[in-house]
Amino acid sequence: DVELCLACVDAVHTGLQELPHLPGGLGKKMGPLKGTLTKIEGILYELALLSRGGLSVRAPAPTFNDGEGAADTHVDEGAG
């Protein structure tokens, strides 16, 4: 669920921002973490546009034939 991913990344980002000092090289990771947050927000925006356009979006059933577990998003044109 994309909303759950956004909540998790946002919680990590917020938690790290609240620390007075980031240990080690964690300070360098804040930019990429913020970028991930922005990308997930963009995905939610695009999904909202698709659903308003009458398309239903669902993830395909997971396949584990290559061990990577990567899945593409499947878009169905639905009546709705």
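**Exercise 1.** In this predicted model, find which residues Leu33 is in contact with, leaving aside its neighbours within four places in sequence.

*Solution.* Contact here requires heavy atoms within 4.5 Å. Once the neighbours within four places in sequence are set aside, Leu33 is in contact with Val9, Val12, His13 and Leu16. To place Leu33 itself, note that helix H2 covers residues 30–52, and that Leu33 is one of the buried residues of H2. The cover over the buried residues of H2 includes helix H1, which runs over 2–18.

**Exercise 2.** Work out whether the length of helix H2 agrees with the span expected from its number of residues.

*Solution.* Begin with the count, which is 23 residues for H2. The expected span is 1.5 Å times one less than the number of residues, so H2 should span 33 Å. The end C-alpha atoms of H2 are 33 Å apart, and the two values therefore agree. Beyond the helix, H2 is followed by Gly54, which has a positive phi, near 90°.

**Exercise 3.** List the buried residues of H2, and then state which helix gives the most to the largest nonpolar core.

*Solution.* The residues buried in H2 are Met30, Leu33, Leu37, Ile40 and Leu44. As background for their spacing, an α-helix has 3.6 residues a turn, so residues three or four places apart point the same way. The largest nonpolar core has nine residues, namely Leu6, Val9, Leu16, Leu22, Met30, Leu33, Leu37, Ile40 and Leu44. Both H1 and H2 supply at least two residues of this core, and H2 gives the most, with five residues.

**Exercise 4.** Describe how H1 and H2 pack, and decide whether they are roughly parallel or roughly antiparallel to each other.

*Solution.* The axes of the two helices, H1 and H2, lie 10 Å apart and make an angle of about 155°. Angles over 145 degrees count as roughly antiparallel, and H1 and H2 are therefore roughly antiparallel to each other. The crossing in which H1 passes H2 is left-handed. Among the residues that make the contact are Leu6, Val9, Val12, His13 and Leu16 of H1, together with Met30, Leu33, Leu37, Ile40 and Leu44 of H2.

**Exercise 5.** Set the helices within the whole chain by giving the order of its elements and the share of its residues that count as buried.

*Solution.* The secondary structure comes to two helices and two strands, and from the N terminus on the elements run α-α-β-β. Of the 80 residues of the chain, 12% count as buried.

Notes
Residues numbered from 1 in each chain as written. Predicted model: local features only at pLDDT ≥ 70, side-chain atom pairs only at ≥ 80, totals over all residues. Heavy atoms only, no water. Helix = DSSP H or I, 4+ residues; strand = E, 2+ residues; numbered from the N terminus. Buried < 20%, exposed > 50% of the residue type's maximum accessible area, 1.4 Å probe, protein only. Core = buried A, V, L, I, M, F, W, Y, C linked by side-chain atoms within 4.5 Å. Axes fitted to C-alpha atoms, helices over the stretch in contact; angles between N-to-C directions. Parallel < 35°, antiparallel > 145°, perpendicular 65-115°, else oblique. Left-handed = near helix turned anticlockwise from the far one by under 90°.
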